[in-house]
Amino acid sequence: VPSFPKCVISLLLQIPDDEKGYKLDLFCVPKHYEEDLDQVIIPHGLIMDRTERLARDIVRDMGGHHIVVLCVLKGGYTFFADLLDYIKALNQNSDKSVPLTVDFIRLKSYCNDQSTNIVKVIGGDELSTLTGKNVLIVEDIVETGRTMETLLSLLSECNPKMVKVVSLLVKRTPRSSGYRPDYIGFEVPDWFLVGYALDYNEYFRDLSHICILNENAKEKYKV
């Protein structure tokens, strides 16, 4: 059984509730979304720098042990790809390296901008392949925490050797169950955010920056 060093608590970057963000016209935003967004909250460059640091923290803690990196689709795919690119770069240029394989799962708990409190797991039958493995779950955002708690409960039934979770965003919300990932990129206010593969009814995944969705857009793209 491999022994893992005790993880140092990963620092996070807190976006305050009174954050004003940045005007859209300071950045390259797709023209078809210009009327749908209030402001840019986390520019793409800042996302990338923070992701690079998360990769370094993960390699520091898990280096030398084979890890199955489990991407939570769909929202996590861009963060997942960029995080793996940084880990691969560290593998090539550091004293520690992390042997990686990848897998994918899809979870669904939202309709429009509201959580349904019902978590649908697509691809859950494949979780049995993670028995005895060291697993790193890559998520885009943790809001109430119930979705991740459901996934972790399902994973525990498969008896993985170790499970860690990295989430790009964690939302400050009174609806939170109190769950916190092992690694966090940004802690954000209780806003509905889109971009960098975070969607609203499948729109806005093609937006590079993380932005606040305005009320008109919620109605415009409602299903």
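# Notebook: a predicted model, looked up piece by piece

I began with Cys71, which lies in strand β3. The model is predicted, and I read every value below as computed from it.

**Entry 1, Cys71.** I looked up how far solvent can reach this residue. Cys71 is buried, because its relative accessible area is 0% and buried means under 20%. I then listed its partners, leaving aside neighbours within four places in sequence. Cys71 is in contact with Gly76, Tyr77 and Phe80, with Asp103, Phe104 and Ile105, and with Val138. I also checked one distance from this residue. Ala81 stands 10 residues from Cys71 in sequence, and their C-alpha atoms are 9.1 Å apart in space.

**Entry 2, other cysteines.** Next I asked how many disulfides the structure holds. I found 0 disulfides. I looked up two further cysteines for their exposure. Cys28 is exposed, with a relative accessible area of 73%, whereas Cys211 is buried at 0%.

**Entry 3, the end of β3.** Strand β3 covers residues 67-73, and the loop between this strand and α2 holds Lys74. I checked the peptide bond there. Leu73 and Lys74 are joined by a cis peptide bond, with omega at about 0°.

**Entry 4, the whole chain.** I stepped back to count elements. The protein chain has 4 helices and 10 strands. I wrote down their order along the sequence as β-β-α-β-α-β-β-β-α-β-β-β-β-α. Of its 223 residues, 49% count as buried. I then looked at contacts in the protein chain with a separation of 6 or more. Residues 24 or more positions apart account for 70% of them.

**Entry 5, α1 against α2.** Two packed helices are described by the angle between their axes and the distance between the axes. I took helix α1, residues 44-62, and helix α2, residues 77-93. They pack at an angle of about 55°, and their axes are 9 Å apart. That angle makes α1 oblique to α2. I noted the crossing of α1 and α2 as right-handed.

Which residues of α1 and α2 meet? From α1 I listed Met48, Thr51, Glu52, Leu54, Ala55, Arg56, Ile58 and Val59. From α2 I listed Phe79, Asp82, Leu83, Tyr86, Ile87 and Leu90. I sorted the residues of this contact by kind and got 10 nonpolar, 1 polar and 3 charged.

**Entry 6, positive phi.** I looked for residues with a positive phi that are not glycine, and noted two, Asn159 and Ala197. Asn159 has a phi of about 55°. Its place is in the loop between α3 (146-156) and β7 (162-171). Ala197 has a phi of about 80°. This residue lies in the loop between β9 (193-194) and β10 (210-213).

Are these two loop residues buried or exposed? Asn159 is exposed, because its relative accessible area is 53% and exposed means over 50%. Ala197 is buried, with a relative accessible area of 0%.

**Entry 7, what I keep.** For Cys71 I keep its place in β3 and its burial. For the chain I keep the cis bond between Leu73 and Lys74, the oblique packing of α1 and α2, and the positive phi values of Asn159 and Ala197.

Technical notes. Residues are numbered from 1 along each chain as its sequence is written. This is a predicted model: local features need pLDDT of at least 70, side-chain atom pairs count only at pLDDT 80 or more; totals for chains, interfaces and linings use all residues. Side-chain values use heavy atoms; hydrogens and water are left out. A disulfide is a pair of cysteine sulfur atoms within 2.5 Å. Buried means under 20% relative accessible area, exposed over 50%, partly exposed in between (1.4 Å probe, protein chains only). Axes are lines fitted to C-alpha atoms, for helices over the stretch in contact, and angles run from 0 to 180 degrees between N-to-C directions. Helices (H or I, at least four residues) and strands (E, at least two) are DSSP runs, numbered from the N terminus. Angles under 35 degrees count as roughly parallel, over 145 as roughly antiparallel, 65 to 115 as roughly perpendicular and the rest as oblique. A crossing is left-handed if the near helix is turned anticlockwise from the far one by less than a right angle, and right-handed if clockwise. Contact means heavy atoms within 4.5 Å. Ala, Val, Leu, Ile, Met, Phe, Trp, Tyr, Cys and Pro count as nonpolar, Asp, Glu, Lys and Arg as charged, and the others, Gly among them, as polar.
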